[in-house]
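User: I'd like to learn how to read a model like this one, feature by feature. Could you walk me through it?

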Amino acid sequence: MFGMFKRDPKKKLQQNYERKLQAAMEASRNGDMRANATLTEEAEAILAEIKRLETTG
C-alpha cells in the first residue's frame with residue numbers, strides 16, 4: 001500500500017542524465033569542448049547506472 005509513495009531512483013537519474021546532456025550541448029555551442037567532453041562523460045556514467053538498475057530490477 002505504501003509502495004506507491006516510494007520514489008523511483010531511475011526517474012531521478014534519468015532527469016540528471018538529460019540535464020548533463022543539455023549542459024554538454026550548450027558547452028559545445030559555446031565552443032568549450034573540454035567542458036563538453038567532461039559533461040558527456042558524466043552523462044555516460046549516469047546512463048550506465050540507469051542500465052544497471054534496469055537489469056537488476
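**Reading the model**

Analyst: Let's start with a single side chain: Lys20 is partly exposed, with a relative accessible area of 27%. Keep in mind that this is a predicted model, and that we'll come back to Lys20 when we get to its partner.

User: Fine. Before that, how do I read the packing of two helices, and at what angle do α1 and α2 pack here?

Analyst: Look at the angle between the axes and then at their separation. Helix α1 covers residues 9-29 and helix α2 covers residues 33-56; they pack at an angle of about 160°, and their axes are 8 Å apart. That angle makes α1 roughly antiparallel to α2, because anything over 145 degrees counts that way.

User: And which hand does the crossing of α1 and α2 have?

Analyst: Left-handed: that is how α1 passes α2. If you sort the residues of the contact between α1 and α2 by class, you get 15 nonpolar, 5 polar and 5 charged.

User: What does UniProt say about residues 10-56?

Analyst: An unreviewed UniProt entry gives residues 10-56 the feature "coiled-coil region". You can set the record beside the model. Over that stretch the chain is 94% helix and 0% strand, and the C-alpha atoms at its two ends are 12 Å apart.

User: On to charges. What's the general idea, and how many salt bridges does a search of the whole structure find?

Analyst: The general idea is that side chains of opposite charge can pair when their charged atoms come close. Here the search of the whole structure turns up 2 salt bridges. One of them joins Glu42 to Lys20, with the closest N and O atoms 2.5 Å apart. This pair links distant parts of the chain, as Glu42 sits in helix α2 and Lys20 in helix α1, 22 residues apart.

User: Is Glu42 buried, exposed or partly exposed, then?

Analyst: Glu42 counts as partly exposed, at 31% relative accessibility, and as I said at the start, Lys20 is partly exposed too, at 27%.

User: Which side chains meet in a salt bridge at 2.6 Å, N to O?

Analyst: Those of Glu49 and Arg52. Here you should read the sequence spacing: both residues lie in helix α2, 3 residues apart, which is about one turn of the helix. Glu49 has a relative accessible area of 29% and is partly exposed, while Arg52 is partly exposed at 42%.

User: How do I use C-alpha distances? Say, how far apart are the C-alpha atoms of Arg52 and Lys10?

Analyst: Put the sequence separation next to the separation in space. Arg52 and Lys10 are 42 residues apart along the chain, and their C-alpha atoms are separated by 9.9 Å. For Ala35 and Leu53 the figures are 18 residues along the chain and 27 Å between C-alpha atoms. Ala35 is placed in helix α2, and at 23% relative accessibility Ala35 counts as partly exposed.

User: What about Glu18 and Glu49: how far apart are they in space?

Analyst: Their C-alpha atoms are 14 Å apart, with their positions 31 residues apart in sequence counted as a separation. Glu18 belongs to helix α1 and is partly exposed, with 46% relative accessibility.

User: One last residue. Is Leu13 buried or exposed?

Analyst: Leu13 is buried: its relative accessible area is 18%, and the cut-off for buried is under 20%. Leu13 is found in helix α1. Its C-alpha atom is separated by 6.6 Å from that of Ile50, a residue 37 positions away along the chain.

User: Got it. So what should I remember about how α1 lies against α2?

Analyst: That α1 is roughly antiparallel to α2, with a left-handed crossing, and that a salt bridge between Glu42 and Lys20 links helix α2 with helix α1.

How values were computed
Residues are numbered from 1 along each chain as its sequence is written. This is a predicted model: local features need pLDDT of at least 70, side-chain atom pairs count only at pLDDT 80 or more; totals for chains, interfaces and linings use all residues. Side-chain values use heavy atoms; hydrogens and water are left out. Axes are lines fitted to C-alpha atoms, for helices over the stretch in contact, and angles run from 0 to 180 degrees between N-to-C directions. Helices (H or I, at least four residues) and strands (E, at least two) are DSSP runs, numbered from the N terminus. Angles under 35 degrees count as roughly parallel, over 145 as roughly antiparallel, 65 to 115 as roughly perpendicular and the rest as oblique. A crossing is left-handed if the near helix is turned anticlockwise from the far one by less than a right angle, and right-handed if clockwise. Ala, Val, Leu, Ile, Met, Phe, Trp, Tyr, Cys and Pro count as nonpolar, Asp, Glu, Lys and Arg as charged, and the others, Gly among them, as polar. UniProt positions are given in the numbering used here, feature names are shortened, and annotations may be inferred rather than shown by experiment. A salt bridge is a side-chain nitrogen of Lys or Arg within 4 Å of a carboxyl oxygen of Asp or Glu. Buried means under 20% relative accessible area, exposed over 50%, partly exposed in between (1.4 Å probe, protein chains only).
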